[in-house]
Amino acid sequence: MSTTELPVNGSAPRRDMPGEIPPLSCEPLLRPGNTNCGGCGMSIGLTWLGRALEDLEQKAHLAIPACCGAVTAGAFPTTSYAMPTVATTFAAAPAVASGLASIRDLNGSEEQVICWAGDGGTYDIGFATLSAAAERNENILYICYDNEIYGNTGGQRSSATPPGARTTTTPHGKSESKKDVMSIMAAHGIPYAATLSVGHPEDFRQKLHTALTTSGMRFLLMHSPCPTGWKSEPAESVQLVRLAVRSGLFPLFEVFGGQRYRINAEPDWADPTEYFRRQRRFRPEEVDLGTTRRWARERFQRLKVLAEAFPA
Amino acid sequence: MPREIVTGNHAAGLALSMAGEANRFARGTAAGIYPITPQTEIVERVAAFPFSKGRVVPVESEHSAMGVTIGASLSGARAFTASSSNGLAYMVENIMVAGFYRLPVVMVAVNRTLGPPWNIWADQGDTLMLRDFPWIQLYAQDNQQVADLTLLAFRLAEDPRVLLPVLVCMDAFIVSHTQMETELPTQEQVDRYLPPLDLPHRMRSDDPKTLGGLVWPDATVSLRKEIHEAFDRVPMVFEECRQEFRDVFGRSPAGAVEAYHTKNAETVLVATATIATTALEVVRSRRAAGERVGLLILRMLRPFPIDQLLEACASASRIGVLDRDYAAGIGGVWAHEIRAALQGTRDDLLVQGYLTGIGGGDVTAERIDEVLVDLGQRELPGPPVWVGLEDPAPVPAAPPPKAPLVPPVPSGVEATP
């Protein structure tokens, strides 16, 4: 147990939570009884995705590559997904989704085709497929729940793992930086790309609505806490990713058409020490806090310049 | 029916496209396409086809070409693609998925040597490497068979008693790039032959299901057995598909197996694809000279046509199998399959494998004559014969013995524990 309390709300600008969340009128996208770990960001993300689909009276077909999200379905003959779902090979989700979306559009159907993928399937093995689908501007929504680790295989490094993080394949801390997948996806000029944090539900909801009412390729990158891989307390998941936003480690922003930028939360540059301390994947001696903070500030400054010069 | 002079690739591209077009009154059609020599003309023709309800998705790899095809098929469309050689190797993971998802997709494969080293000529090693996947495999001899078997493949794949993907194979260049007079179908005929596809397990919002989730061993066994039973039904359904083809197109498509002069043959050659065409000439001339030689042409690898094989070899005492492929450490795949099929039933038969035309070499009548001479002299089967190998590689010498890292204990001295 830690001795200091995590800042819960902080001073970062945020919208208030709606006072009361209305009950769902349909079955939730992620059914109860699934076996996801406590404090898993993906569970929150899927719940809110289901809610956004209901808000907009939309249906969806899911294409899920190998990742925790595929295991979430549970074992045959039961499934935790209340919408048609196909498990694809690790690298193939955007390709399979392209096929599904092509036939949907030829038949004038309305359902969303959504890829729900982890960072391994997005940043690494599936990246060529994702890039190609983006280049073709396929009419699909791609959501990456980025827990910065190969969670399903027990916690190996991916190119989304941040520097300093220990994984089973970086036993002394990762020495490389985290791939800036948002910049790469924005460079494809796709209609919509945005980052999401489960610590900012209203912002999360708005971006889902934007994505679900935009056509063409949409890419959402969700910072997804993983207590099992991060070696953190499940109850602290939401505070951790909130602190990542506050301290500028995970900026919340949107890119429209690869050209127009909007920043959704101004970091208050809170000290990220607790962010690292509360996750036992980080060792104090293996995280260069000074460099990390400087890098975060510079990255945000670049985003700010873009958002001011090319506002959405 | 129009007769035109076209390449094998042209015939394949047209047949695939027309089959897709025939589904325009149902869920439509889609293909993921990616070029590779010598298949490229197929996907070019598909890309240029004026589909009324279809989309051709030009992807970034063979893996994604099959990925798109799987997605389209899961959505209930008639879906297809084409590939070759290393492209098939790159696609393998998704080829397997299409089979295990029981998707009636059709792929035309142009048989090309797997590299390295780089070789673009004919060799069946690429599709034979897929032989353990749940795909029906057909091997065409010429352009007409390419056109016919491609159309038949859809009918066979989509039959509710089958629901398995089909691979239609042709030899690189010898068929793919060679023009030949071919009877091409009209769209109206294809429409009649291929009724709208209604895939029973397509993804649909009104009946949400999860495909490909975790299964326990017992369910896995059931699913595998279902595939096996579907394969058992293929020969019967294949014959029905041929009959329906005759009814619509007015001529007979090639069969899964064709036997020539095997009735009282002592020696039977077994060949596939273009080698079979040359072998038939040799067998005919030998027959004319009074020799009891027959030929069995195999056009189906999966399921393996064991019954027809046994029937064709009823009077034979020796079989020579011509393989244009090489399975490392084994020899020819077809020879291996035939030995396995005859095991316990015809143990008296001498089966000899011949590796002919590996890497696209010419298999001439003279080469096949050499095979028959060798086969006639044999008392016992031997290791695979490398036909036409003129300059065998020298056998590498064994390496000189290396000094042991730990000096041996001199004799007479007690080793210290």
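**Exercise 1. Confidence in chain A**

What is the average pLDDT of chain A?

Solution. The structure is a predicted model, in which local features need pLDDT of at least 70, side-chain atom pairs count only at pLDDT 80 or more, and totals for chains, interfaces and linings use all residues. Residues are numbered from 1 along each chain as its sequence is written, while chains are lettered from A and ligands numbered from 1 in the order in which they are written. The term pLDDT stands for the predictor's confidence in each residue, from 0 to 100. Chain A averages a pLDDT of 93, and 93% of the residues score at least 70. Over residues 8-14 of chain A, however, pLDDT stays under 50, and for this stretch the model has 15 contacts beyond four places in sequence; two residues are in contact if their C-beta atoms, placed from the backbone, lie within 7 Å. Where pLDDT is low, the predicted coordinates should not be read in detail.

**Exercise 2. A glycine in chain A**

Find the element that holds A:Gly118 and decide whether this residue is buried or exposed.

Solution. Begin with the element: A:Gly118 lies in strand E3 (residues 112-118) of chain A, where strands (E, at least two residues) and helices (H or I, at least four) are DSSP runs, numbered from the N terminus. Next, recall that a residue is buried if 20 or more other C-beta atoms, placed from the backbone, lie within 10 Å of its own, exposed if 12 or fewer, and partly exposed in between. A:Gly118 counts as buried because it has 31 C-beta neighbours inside 10 Å. Finally, leaving aside neighbours within four places in sequence, the contacts of A:Gly118 include A:Cys67, A:Cys68, A:Tyr145 and A:Asn147.

**Exercise 3. Where the chains touch**

Describe the contact between chain A and chain B, and state which element of chain B gives the most to it.

Solution. The contact takes 39 residues from chain B and 34 residues from chain A. On the side of chain B, the elements that give two or more residues include strand E2 (29-33), helix H3 (62-74) and strand E9 (210-211). Among these elements H3(B) gives the most, with 9 residues. By class, this side of chain B has 17 nonpolar, 15 polar and 7 charged residues, where Ala, Val, Leu, Ile, Met, Phe, Trp, Tyr, Cys and Pro count as nonpolar, Asp, Glu, Lys and Arg as charged, and the others, Gly among them, as polar. Strand pairing also links the chains: strand E2 (residues 85-87) of chain A and E9(B) pair in the parallel sense over 2 bridges, and two strands pair if DSSP finds at least two bridges between them. Within this pairing, A:Val86 stands opposite B:Leu211.

**Exercise 4. Two domains and a core**

Name the domains of chain B, and explain why the largest nonpolar core lies between them.

Solution. Chain B is divided into domain 1 (3-198 + 220-249) and domain 2 (257-386), with bounds that come from an automatic or database domain assignment. Their C-alpha centres lie 27 Å apart. The contact takes 24 residues from domain 1 of chain B and 19 residues from domain 2 of chain B. On the domain 1 side, helix H5 (125-128), strand E6 (136-139) and helix H8 (217-249) of chain B each supply at least two residues, and E6(B) gives the most, with 4 residues.

Now turn to the core, a set of buried Ala, Val, Leu, Ile, Met, Phe, Trp, Tyr and Cys residues joined through C-beta atoms within 7 Å. Of the 211 residues in the largest nonpolar core, B:Leu138, B:Val166, B:Val168 and B:Val270 touch the most other members. Helix H6 (residues 143-158) of chain B gives the most to this core, with 9 residues. Both domains of chain B give residues to this core, so it lies between them.

**Exercise 5. The sheet in chain B**

Give the order of the strands in the open sheet and identify its edges.

Solution. In chain B, 6 strands form an open sheet with mixed pairing, in the order E10-E12-E11-E14-E15-E16. The edges are strand E10 (257-260) and strand E16 (385-386), each of which pairs on one side only. Inside the order, E14(B) and E15(B) pair in the parallel sense over 6 bridges, and B:Gly320 stands opposite B:Gln352 in E15(B). E15(B) also runs parallel to E16(B), joined by 2 bridges, with B:Val385 in E16(B) as the bridge partner of B:Tyr354. E15(B) is mostly covered, for 5 of its 6 residues are buried.
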